[in-house]
Amino acid sequence: MSKKVISEKKIAVCPGSFDPITYGHLDIIRRARHVFDEVYIAVLNNSNKKGLFTIDERLSLIEQSLDGDMDGIFVESFQGLLVDYCKQVDAHVIVRGLRAVSDFEYEMQLTSMNKALAPNIDTFYIQARNEYSFVSSSVVKDVVKHGGQASDFVPDIVANALSQKFNQ
Ligand code: ADP
């Protein structure tokens, strides 16, 4: 009996705002990379939602945070429908991080819509590590804005970029 050789690369997309990237995001990206041959970190460029950092700044902070550990990891921005971006990079899986039950309702809605739009694309959830389960870009921004330390939650390069933004 001949064995079928499956040589297709397994490609996943980790989408998000990444405004800015945190250790929570980085943990999900690395764990996704353990499972998939290629992981695309896809920063949503949404003209209706202005972030603290520009898209180029976010991409650069992500690349610097990966600190050279970029084998099989690609950092890009996208506009429009996530499922269209997935098709563009030939990904069949979307990876999302789940921090708490409160994330779940929103994620379920997104997953169902994406499934309706593109039945061949699946969403996998990775549970946040306990130590990052309360970390979000928005809370970290608030901490730094009010003079708190962010170095337990984001790489130094991101903590410095945040301090600069709020001291401008
Ligand atoms: P979005 O605006 O799409 O939620 P985010 O940048 O906030 O974009 O998050 C991108 C993804 O990373 C989401 O799946 C989110 O649940 C996940 N995520 C964010 N923070 C953490 C964290 N601390 N631990 C695990 N996953 C996280």
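**Salt bridges, strand pairing and a helix contact**

Eleven salt bridges are found when the whole structure is searched. The structure is a predicted model. Side chains of opposite charge can pair when their charged atoms come close. Three of these pairs are described below, followed by the pairing of the strands and the packing of two helices.

D19 and K141 form a salt bridge in which the closest N and O atoms lie 2.9 Å apart. The two residues come from distant parts of the chain, with their positions 122 residues apart in the numbering. D19 sits in the loop between β1 (11-16) and α1 (23-35), whereas K141 belongs to helix α5 (residues 137-145). D19 has a relative accessibility of 6% and therefore counts as buried. K141 has a relative accessible area of 18%, and because the cut-off for buried is under 20%, K141 is buried as well. The pair is also part of a wider arrangement, since D19, R58 and K141 are linked in a network of salt bridges.

A second salt bridge joins the side chains of R31 and D27, with an N to O distance of 2.9 Å. Both residues lie in helix α1; because they are four residues apart, about one helical turn separates them. D27 is buried, at a relative accessible area of 11%, while R31 is partly exposed, at 26%.

The side chains of K115 and D122 likewise meet in a salt bridge, again at 2.9 Å from N to O. Here K115 is partly exposed, with a relative accessible area of 33%, and D122 is partly exposed too, with a value of 36%. D122 falls within strand β5 (residues 122-127).

Turning to the strands, β1 pairs with β2 in the parallel sense over six bridges. Within this pairing, G16 has V43 of β2 as its bridge partner. Strand β2 (residues 38-44) has six of its seven residues buried, so the rest of the structure largely encloses this strand. β1 also pairs with β4, in the parallel sense and over two bridges. I94 in β4 is the bridge partner of V13.

Strand β4 (residues 93-98) is mostly covered, with five of its six residues buried. β4 pairs in turn with strand β5 in the parallel sense, over six bridges. In this pairing, I94 is bridged to T123 of β5. I94 thus has bridge partners in V13 and in T123. In a regular strand the side chains alternate between the two faces of the sheet.

The helix contact examined is that between α2 (residues 55-66) and α6 (residues 156-167), whose axes are 9 Å apart and meet at an angle of about 150°. Because angles over 145 degrees count as roughly antiparallel, α2 and α6 are roughly antiparallel to each other. On the α2 side, the contact is made by E57, L61, Q64 and S65. On the α6 side, I157, V158, A161 and K165 take part. By class, the contact contains four nonpolar, two polar and two charged residues. The nonpolar residues are L61, I157, V158 and A161, the polar ones Q64 and S65, and the charged ones E57 and K165.

How values were computed. Residues are numbered from 1 along each chain as its sequence is written. This is a predicted model: local features need pLDDT of at least 70, side-chain atom pairs count only at pLDDT 80 or more; totals for chains, interfaces and linings use all residues. Side-chain values use heavy atoms; hydrogens and water are left out. Axes are lines fitted to C-alpha atoms, for helices over the stretch in contact, and angles run from 0 to 180 degrees between N-to-C directions. Angles under 35 degrees count as roughly parallel, over 145 as roughly antiparallel, 65 to 115 as roughly perpendicular and the rest as oblique. Contact means heavy atoms within 4.5 Å. A salt bridge is a side-chain nitrogen of Lys or Arg within 4 Å of a carboxyl oxygen of Asp or Glu. Buried means under 20% relative accessible area, exposed over 50%, partly exposed in between (1.4 Å probe, protein chains only). Two strands pair if DSSP finds at least two bridges between them.
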